[in-house]
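Welcome! Let's take a friendly walk through one protein model and look at a few of its residues.

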Amino acid sequence: TNSLKEAPKAEASRPVVQTTAAEEKKTVRKEKQEKKKKAPREKHVPTQKELAIREQKFRVLGLFHLLFAVYLLFAFTSYLLTWESDFTFADTIFKHFSLNALMDNEPPVENWMGKIGAITGFLFISKWFGVSSFLIVLVLINAGLHHFFHVKFLPVWKTAGYSLLFILWGPITFNLLFPGEDLFCGVYGFQVYQWLAEFLGPSGV
């Protein structure tokens, strides 16, 4: 009789054991999830030395932008004034490249930045984007002023984006407005305009 009385008590105690086991499983899962979660990293506060090194790098980059912009400005401007002699020299170099042709003084070069300036003007203005290449100078000067002098002349990224858009479409527009003027549109503007005219027609372009 005692065993029969104890049996219901044992059965009644079983659900209590099951609930405690389920709770233990939940706690174990929570602990595992907490371990998996990485603790939030503390924000690194740069030291004075790190700030000085970063500042120095930006100033060097800004100085490079300014110097390269001045070089391109003189090369492009001079090419517009002396493009006939510069074109003859650069065209000879690219058609019949040789060290003798590069070092020879015939044909003469009148570009303010020398032979390298003549080749640079030939590539950017005659072969590529025409007078729209001057926007590259604007982007470099704007970035150089921002990095070297901390002068915000124009928004850096917006200026670069709009300039890139005009460099791509400006030569095509110039070829439409001034057909046959290579200095305005360059070979890029002429070829892209011809390609678009074939597919869309002149009125479509």
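In which helix is leucine 138 found? This leucine belongs to helix H6. Keep in mind that the model is a predicted one.

Is leucine 138 buried, partly exposed or exposed? Its relative accessible area is 31%, so it counts as partly exposed, because that value falls between the 20% limit for buried and the 50% limit for exposed. Leucine 154 sits 16 residues away along the chain, and the C-alpha atoms of the two leucines are 9.8 Å apart.

Now for the inside of the protein. In soluble globular proteins, nonpolar side chains tend to be buried together. Here, the largest nonpolar core contains 16 residues, and Leu72, Phe76, Tyr79, Phe89, Ile119, Ile125 and Val137 are those with the most contacts inside it. Helices H2, H3, H5 and H6 each give two or more residues to this core.

Tyrosine 79 is a good one to follow. Leaving out residues up to four places away in sequence, tyrosine 79 touches Asp86, Phe87, Ala118, Ile125 and Leu183, among others.

That brings us to aspartate 86, which lies in helix H3. Aspartate 86 is buried but has no salt bridge. Beyond its neighbours within four places in sequence, its contacts include Ser78, Tyr79 and Val109.

Here are two distances from aspartate 86:

| Partner | Distance |
|---|---|
| Lysine 115, nearest side chain of opposite charge to aspartate 86 | 11 Å |
| Glutamate 110, backbone nitrogen reached by the side chain of aspartate 86 | 3.5 Å |

Key: Residues numbered from 1 in each chain as written. Predicted model: local features only at pLDDT ≥ 70, side-chain atom pairs only at ≥ 80, totals over all residues. Heavy atoms only, no water. Core = buried A, V, L, I, M, F, W, Y, C linked by side-chain atoms within 4.5 Å. Buried < 20%, exposed > 50% of the residue type's maximum accessible area, 1.4 Å probe, protein only. Helix = DSSP H or I, 4+ residues; strand = E, 2+ residues; numbered from the N terminus. Contact = heavy atoms within 4.5 Å. Lys, Arg positive; Asp, Glu negative; His and termini not counted. Salt bridge = Lys/Arg side-chain N within 4 Å of Asp/Glu carboxyl O. Polar contact = N/O pair within 3.5 Å; in protein donor to acceptor, adjacent residues only side chain to side chain.
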